[in-house]
Amino acid sequence: MKPEHKDLHVYNTLTAQKEPFSTIIPGYVGMYVCGPTVYSDVHLGNCRTFISFDVIYRYLKHLGYKVRYVRNITDVGHLEGDADIGAEDKISKKARLEKIEPMEVTQRYTLGFHDMMQIFNIAPPDIEPRATGHIIEQIDMVQKILDNGFAYVVNGSVYFDTQKFANESNIEGYNYGKLSGRILEDLFTETRDLKNQGEKRNASDFAIWIKAAPEHIMKWKSPWSIGFPGWHLECSAMSTKYLGETFDIHGGGGDLKFPHHENEIAQNAGSCGKQPAKYWLHGNMLLLNGKKMSKSDGNSITPQELFAGGSEHISKGYSPMMARFLMLLSHYTNPLDLTNKALSDAEKGYDKLTEMYNKLQELVPNNDAPEFDYAAFKKKFYSAMNDNFNSPLLISHLYGLSTEVNKRISGEGISAHDLEQVKSLVEEFMIDVLGLRLETQTTSNQGVENELMELILELRAQAKSNKDFGTADLIRNKLSDLNITLKDSREGTEWSYE
Ligand code: AMP
Ligand code: ZN
């Protein structure tokens with residue numbers, strides 16, 4: 001373990017405080033993050049949440065923790081409008097509309113999701129369980145909750161009794177509503193105009209097993225009815241199965257605090273008497289021009305639209321790594337508004353850092369150079385990430401490093417030893433921790449680009465020495481169309497992007 005792991009602090013939604021991070025088993029982290037509902041293509045908002053937790057996963061591993069990262073695939077039970085009853089299952093609906101099997105829907109969008117995760121360089125989780133593969137575990141959990149008296153059966157559906165749980169359960173440090181900051185009385189009396197609400201004892205009760213209508217495709221036998229599990233149940237059952245009754249981190253987008261996560265806690269506590277996760281971490285929302293990005297509201301853009309540019313919202317196209325970088329420029333607990341301006345500003349920063357990375361690869365050391373204080377940067381990098389994974393602060397320190405590196409390049413240079421230290425620091429934080437995929441740009445693309453430019457400049461020099469000024473000018477003008485400028489001097493010609 002790196003000594004710096006001792007200083008990590010994380011913001012825990014459950015206690016509404018930044019707390020020192022200490023794991024249940026020293027050296028090991030169990031982390032569960034709610035994955036996608038695979039009924040449509042992921043939008044960039046979903047990607048933001050998975051990028052945020054990817055950086056958290058990467059940093060924990062960087063510190064030396066052995067992490068078991070579980071991120072599920074929701075392939076049943078998530079109803080339209082996040083309702084718990086009386087609405088259609090999102091996946092069933094898609095299957096019905098497209099006249100295909102629900103399994104075809106989930107297969108198509110799971111594959112698409114995995115492709116997108118790779119494009120954004122998001123590391124795969126260690127376990128990726130599916131709700132439909134864990135029906136037995138979910139039925140067992142419903143039974144335990146019933147046995148403990150915190151649920152009741154009506155017409156083949158099973159409901160979690162939130163009022164009884166709130167009044168009678170005795171969970172240290174937790175009462176129903178605490179995570180999302182809801183007021184119990186409001187929850188109990190809140191009226192919702194939905195089908196089957198009448199079967200509930202309290203408005204805030206939620207279905208944990210739902211009796212399926214005859215036309216429903218995805219259904220399983222249970223002691224109560226042929227039906228399907230409620231959406232919140234899968235995460236309780238699968239986190240317990242793979243991480244135990246208590247584990248270290250539970251994460252997800254902030255929009256899941258209520259009802260999803262609050263109800264998850266109620267189910268875990270209602271079945272085994274324990275609040276499941278020590279730290280509840282929530283990512284904030286990606287906005288599009290000031291409004292939460294959401295597919296159902298029609299305010300979303302797909303990653304492909306961002307890469308291609310020319311869409312209604314975003315005019316220019318950006319690479320996946322630039323988009324990832326933009327996401328990291330905001331703290332994961334803050335909202336981030338996707339706009340043309342935010343993207344073009346981010347691009348300048350991204351270019352600065354990739355340029356530093358490239359220059360470091362090519363730099364010839366000068367062993368007479370004075371010491372380079374890389375240790376000071378290392379300290380700042382760790383203290384940024386140890387402060388609840390503050391990636392924007394880390395990036396601003398990386399800008400600071402690039403300024404220093406540039407000064408040295410045009411001045412005294414850097415010794416071989418210090419250069420190695422700086423290079424590994426940059427690699428550790430930019431590539432391993434922030435997950436920016438930079439290698440290919442330097443070793444292949446950048447290398448080829450440099451060689452091609454050398455060739456072009458040589459041809460131009462030859463044309464000039466043959467007094468073929470027409471060709472020399474043609475080369476200059478064509479390069480200028482590509483935003484490349486040439487600077488002639490006695491030593492030769494230098495090129496740069498405008
Ligand atoms: P879903 O597929 O709707 O279950 O969502 C998958 C994940 O994406 C969840 O963790 C959501 O909280 C998250 N999410 C949905 N919309 C956004 C958004 N606009 N910004 C950030 N995360 C989001
Ligand atoms: Zn979940």
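# Two ligand sites in a predicted model

In this predicted model, 18 residues surround ligand 1, and Thr37, Thr49, Asp255, Leu286 and Met293 come nearest.

User: What makes the approach of Asp255 to ligand 1 a polar contact?

Analyst: The cut-off is 3.5 Å between N or O atoms. A polar side-chain atom of Asp255 lies 2.4 Å from an oxygen atom of ligand 1. That pair therefore qualifies. Taken alone, ligand 1 exposes 490 Å², and the protein buries 91% of that.

User: What makes the Thr37 and Thr49 pairs count as well?

Analyst: The limit is again 3.5 Å. For Thr37, a polar backbone atom is 3.0 Å from an oxygen atom of ligand 1. For Thr49, an N or O atom of the side chain is 2.7 Å from a nitrogen atom of the ligand. Both pairs therefore count as polar contacts.

User: Which helix gives the largest share of the shell around ligand 1, and what classes make up that shell?

Analyst: Helix α1 (residues 44-62) gives four residues. By class, the shell has nine polar, seven nonpolar and two charged residues. Ligand 1 sits in the second largest pocket.

User: Why are Cys34, Cys235 and His260 called donors of the zinc ion (ligand 2)?

Analyst: A donor must be an N, O or S atom within 2.8 Å of this metal. Cys34 (SG), Cys235 (SG) and His260 (NE2) lie 2.0 to 2.2 Å from the zinc ion, so they meet the test. Their sequence spacing is C-x200-C-x24-H.

User: What makes Cys235 and His260 a tie between separate parts?

Analyst: Cys235 lies in helix α7 (residues 231-243) and His260 in helix α8 (residues 257-272), so the pair ties together parts 25 residues apart in sequence.

Key:
Residues are numbered from 1 along each chain as its sequence is written. Chains are lettered from A and ligands numbered from 1 in the order in which they are written. This is a predicted model: local features need pLDDT of at least 70, side-chain atom pairs count only at pLDDT 80 or more; totals for chains, interfaces and linings use all residues. Side-chain values use heavy atoms; hydrogens and water are left out. A residue is near a molecule or strand if one of its heavy atoms lies within 4 Å of it. A polar contact is a pair of N or O atoms within 3.5 Å; within protein, one must be able to donate a hydrogen and the other to accept it, and residues adjacent in sequence count only if both atoms are side-chain atoms. Accessible areas come from the Shrake-Rupley method with a 1.4 Å probe; for residues, only the protein chains shown count as cover. On a 1 Å grid over the protein atoms alone, a cavity is a set of points where a 1.4 Å probe fits but cannot get out, and a pocket is an open set with protein on both sides within 12 Å along at least five of seven lines; lining residues have an atom within 4 Å of a point. A molecule sits in a cavity or pocket if more than half of its atoms lie within 2 Å of its grid points. Helices (H or I, at least four residues) and strands (E, at least two) are DSSP runs, numbered from the N terminus. Ala, Val, Leu, Ile, Met, Phe, Trp, Tyr, Cys and Pro count as nonpolar, Asp, Glu, Lys and Arg as charged, and the others, Gly among them, as polar. Donors are N, O and S atoms within 2.8 Å of the metal (3.2 Å for Na, K and Ca); water is not among the atoms, so sites may look incomplete.
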